[in-house]
Amino acid sequence: MVDARTARTSLLLEDGQVVIMGGLRRKELTKNISQVPIIGDVPGIGLLFKTNNTIIKNSELIVFLSPHIYKSKSLTTEEMDKFNEIRNQPILTVPHKKGVKSPWWPIDENFQ
């Protein structure tokens with residue numbers, strides 16, 4: 001079985017801008033019943049030997065997109081090096097301190 005969550009939107013972005021898509025939420029409900037074998041099935045007193053647990057797990061999928069548009073001309077060596085640097089980065093890198101350089105997030109001097 002494939003678990004799919006979908007969102008449909010239209011955007012107009014400039015080259016290198018980051019768009020964050022969120023709100024794709026899922027609520028998973030799991031019920032566990034533990035009991036002493038045989039005694040837990042006896043009507044009436046079986047309830048004393050049985051426990052019911054309900055586990056609720058909430059998750060949200062957030063997608064970060066950063067399109068880069070290249071014209072039909074071939075890339076310079078500097079652009080190719082930058083592309084390879086971005087491609088070799090971990091899937092998501094978000095700066096957590098002021099001045100941290102990341103290919104996925106522009107450096108903002110006000111960001112802390």
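Below, a biologist asks how the labels on this predicted model were reached, and a modeller answers.

Biologist: What pattern does the protein follow along the sequence?

Modeller: The order is β-β-α. That is one helix and two strands.

Biologist: How confident is the predictor in the protein, by average pLDDT?

Modeller: The average pLDDT is 77, and 78% of the residues score at least 70. Among the elements, β2 has the highest mean, 89, and α1 the lowest, 84.

Biologist: Why is S66 called buried?

Modeller: Its relative accessible area is 18%. Buried means under 20%, so S66 gets that label. S66 sits in the loop between β2 (50-65) and α1 (77-87).

Biologist: Which residues is S66 in contact with, leaving aside its neighbours within four places in sequence?

Modeller: They are G16, Q17 and V18. To count as a contact, heavy atoms must lie within 4.5 Å.

Biologist: What share of the 112 residues is buried?

Modeller: Buried residues make up 8% of them. As for the accessible surface of the protein, it comes to about 10000 Å², and carbon and sulfur atoms hold 56% of that.

Biologist: What makes L48 exposed?

Modeller: The line for exposed is drawn at over 50%. L48 has 71% relative accessibility, so it counts as exposed. Its place is in the loop between β1 (19-35) and β2.

Biologist: Which residues form the nonpolar patch on the surface?

Modeller: L48 is one of them, together with V36, I39, V42, I45 and F49. Their accessible area together is about 510 Å². A residue needs over 30% relative accessible area to belong to a patch, and L48, at 71%, therefore meets that condition.

Biologist: Why does G23 count as partly exposed?

Modeller: G23 has 45% relative accessibility. Buried is under 20% and exposed is over 50%, so 45% falls in between. G23 belongs to strand β1.

Biologist: Which residues does G23 touch, leaving aside its neighbours within four places in sequence?

Modeller: G23 is in contact with E60 and L61. There is also a distance to note for G23 and S59: they are 36 residues apart in sequence, and their C-alpha atoms are 9.7 Å apart in space.

Biologist: How do you know that E60 and R25 meet in a salt bridge?

Modeller: The distance from N to O between their side chains is 3.8 Å. The rule asks for a nitrogen of Lys or Arg within 4 Å of a carboxyl oxygen of Asp or Glu, so the pair qualifies. Side chains of opposite charge can pair when their charged atoms come close.

Biologist: What does the pair E60 and R25 tie together?

Modeller: E60 lies in strand β2 and R25 in strand β1, so the salt bridge links parts that are 35 residues apart in sequence. E60 is partly exposed at 41% relative accessibility, while R25, at 64%, is exposed.

Biologist: How many salt bridges does the rule give?

Modeller: The count is two. One of them joins E85 and K82, with the closest N and O atoms 3.9 Å apart. That distance is within 4 Å, so the pair passes.

Biologist: Where do E85 and K82 lie?

Modeller: Both are in helix α1, three residues apart, so about one helical turn separates them. E85 is partly exposed at 39%, and K82 is partly exposed at 31%.

Biologist: What puts Y70 in the partly exposed class?

Modeller: Its relative accessible area is 43%, which is between the limits of 20% and 50%, so the label follows. Y70 lies in the loop between β2 and α1. The C-alpha atoms of Y70 and D15 are separated by 8.9 Å, although these residues are 55 positions apart along the chain.

Biologist: What share of the contacts with a separation of 6 or more comes from residues 24 or more positions apart?

Modeller: Such residues account for 51% of those contacts in the protein.

Biologist: What is the phi of I38, and why mention it?

Modeller: Phi is near 65° there, a positive value in a residue other than glycine. Most residues other than glycine have a negative phi.

Biologist: Is I38 buried or exposed?

Modeller: I38 has 69% relative accessibility, over the 50% limit, so it counts as exposed. I38 is in the loop between β1 and β2.

Key. Residues numbered from 1 in each chain as written. Predicted model: local features only at pLDDT ≥ 70, side-chain atom pairs only at ≥ 80, totals over all residues. Heavy atoms only, no water. Helix = DSSP H or I, 4+ residues; strand = E, 2+ residues; numbered from the N terminus. Buried < 20%, exposed > 50% of the residue type's maximum accessible area, 1.4 Å probe, protein only. Areas by Shrake-Rupley, 256 points an atom, 1.4 Å probe, with all protein chains shown as cover. Patch = residues over 30% accessible without salt bridge, like charges linked within 9 Å, V, L, I, M, F, W, Y side chains within 5 Å. pLDDT = per-residue confidence, 0-100.
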